[in-house]
Amino acid sequence: SHDHLDYHKSFKDYKAAKMRLFSDLLPNGEKYTAIVNTDFEDSKDFLGRARKKGNTIVKIGNSKTSDIKIKSIKTRPDGQNVCVNIFGEDYDLSLNVYGEFQVYNLLTALVFVMKTIDMQKHSLKDIVELLPEVTPPPGRMQLIDGHPRRAKVFVDYAHTPDALEKALVNLRKHTSGRLICVFGCGGDRDSEKRPLMGKVAKKYADIGIVTDDNPRSEDPQKIRADILKSIPDAKDIGDRSHAIAEAIKSATEGDSVVIAGKGHERGQIIGNQTMPFFDEDEVRKAYRFL
């Protein structure tokens with residue numbers, strides 16, 4: 001995705017760096033496992049590398065040849081119902097996570113567990129039965145309970161066009177009302193993604209609020225202006241605390257709010273200083289003033 005391109009410079013270089021996980025770090029032989037999501041376009045290259053190294057391969061996806069085949073995903077207001085075939089066995093799972101990508105994350109984690117514990121002491125069913133107990137890590141599509149008007153408010157680390165699109169597209173499925181998105185872009189980083197982020201928010205959110213997100217040494221107003229070129233009808237609220245409060249105040253029952261970009265981070269980088277700032281705390285503070 002359009003992430004870290006300020007470092008890698010191109011998708012080709014970025015892909016080559018990811019490939020090193022398989023080519024350099026994963027040893028040869030079937031004792032070692034390559035877990036590949038076959039639902040993304042470059043998966044064949046990663047599968048090919050794993051085959052050349054003689055690794056055990058576990059494929060996750062929608063295809064008939066997947067070892068872990070996702071048969072259906074149905075959203076609920078409070079999560080997702082997933083039908084999945086895992087190594088030949090069908091399971092109906094009630095998961096307490098939001099977003100299809102979280103389903104892939106959970107199933108990948110399932111394989112990691114299977115490959116790192118003594119499976120003679122545990123059955124696959126034992127592990128699968130734990131999946132409904134899993135909740136997202138802090139800042140990853142994290143639901144912040146307590147909105148006085150019963151809107152759903154999420155804090156998410158999405159800070160690239162691809163990640164923001166996934167977050168908004170998936171939250172739309174859990175939203176009967178409006179989808180409100182608070183987001184920004186970091187300074188001294190890939191500037192090409194700024195209008196792309198705005199374009200994504202304009203396409204998938206009902207209300208966009210553009211705010212500051214680690215401006216570093218750049219002029220925050222200039223960063224926001226770069227974003228606003230592709231979402232001119234968005235609200236421009238530089239102070240992130242005020243932007244979050246505005247989103248919380250405008251939301252009502254049926255609406256969903258996503259505070260994107262910082263996730264678990266506990267600081268706002270301005271110039272060469274990191275000021276204390278935590279999106280979750282700001283959300284809860286805004287609740288108290290409703």
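The paragraphs below lead through this predicted model from its sheet to its cores, and then to a helix and a few individual residues. Because the model is predicted, local features are reported only at pLDDT of at least 70 and side-chain atom pairs only at pLDDT 80 or more, while totals for chains, interfaces and linings use all residues. Residues are numbered from 1 along each chain as its sequence is written, and side-chain values use heavy atoms, with hydrogens and water left out.

A good place to begin is the open sheet, in which six strands follow the order E6-E7-E11-E8-E9-E10 with mixed pairing. Strands here, like helices, are DSSP runs numbered from the N terminus (strands: E, at least two residues; helices: H or I, at least four), and two strands pair if DSSP finds at least two bridges between them. Strand E6 (142–143) and strand E10 (235–236) stand at the edges with a single partner strand each, so one side of each is left without a neighbour in the sheet. Helix H6 packs on this sheet and touches E7, E8 and E11, its direction making about 160° with that of E8; the angle is taken between N-to-C directions on a scale from 0 to 180 degrees, with axes fitted to C-alpha atoms, for helices over the stretch in contact.

Within the sheet, E11 pairs with E7 (residues 152–156) in the parallel sense over five bridges, and Asp156 stands opposite Ala260 of E11. E11 also runs parallel to E8, to which four bridges join it, with Leu179 opposite Ser256. E8 in turn pairs in the parallel sense with strand E9 (residues 207–210) over four bridges, where Ile180 has Ile207 as its bridge partner. Five of the five residues of E11 are buried, a term that means under 20% relative accessible area, as against exposed at over 50% and partly exposed in between (1.4 Å probe, protein chains only). Both faces of E11 are covered, with Ser256, Val258 and Ala260 buried on one side and Val257 and Ile259 on the other.

From the sheet the path leads into the largest nonpolar core, which has 24 residues; such a core is a set of buried Ala, Val, Leu, Ile, Met, Phe, Trp, Tyr and Cys residues joined through side-chain atoms within 4.5 Å. Leu164, Leu168, Cys181, Phe183, Val210, Ile227 and Ile231 touch the most other members. The elements that give two or more residues to this core are H6 (161–172), E8 (179–183), H7 (193–204), H8 (220–228) and E11 (256–260), and H6 gives the most, with four residues. Phe183 illustrates the packing: leaving aside its neighbours within four places in sequence, Phe183 is in contact (heavy atoms within 4.5 Å) with ten residues' worth of surroundings that include Leu164, Met197, Val210, Ile227, Ile231 and Ala260. A second, separate core of 22 residues includes Ile60, Val84, Val103 and Val111.Away from these cores, helix H2 (residues 11–25) has 15 residues and reaches 21 Å from its first C-alpha to its last, close to the 21 Å expected at 1.5 Å a residue, where the expected span is 1.5 Å times one less than the number of residues. H2 nevertheless bends by about 40° at Met19, the bend being the angle between axes fitted to the seven residues ending there and the seven starting there. The buried residues of H2 are Tyr14, Met19 and Phe22, and what covers them includes helix H1 (5–8), strand E1 (33–37) and helix H3 (43–52).

Several individual residues complete the tour. Asp226 lies in helix H8 and counts as buried at 9% relative accessibility; leaving aside its neighbours within four places in sequence, Asp226 is in contact with Arg194 and Pro195. Ala251, in the loop between helix H9 (240–250) and E11, counts as buried at 0% relative accessibility, and its contacts beyond four places in sequence include His147, Arg149, Ile180 and Val257. Two residues that are not glycines have a positive phi: Phe87, at about 50°, lies in the loop between strand E4 (79–86) and strand E5 (89–95) and is partly exposed at 37%, whereas Asn214, at about 55°, sits in the loop between E9 and H8 and is buried at 5%.
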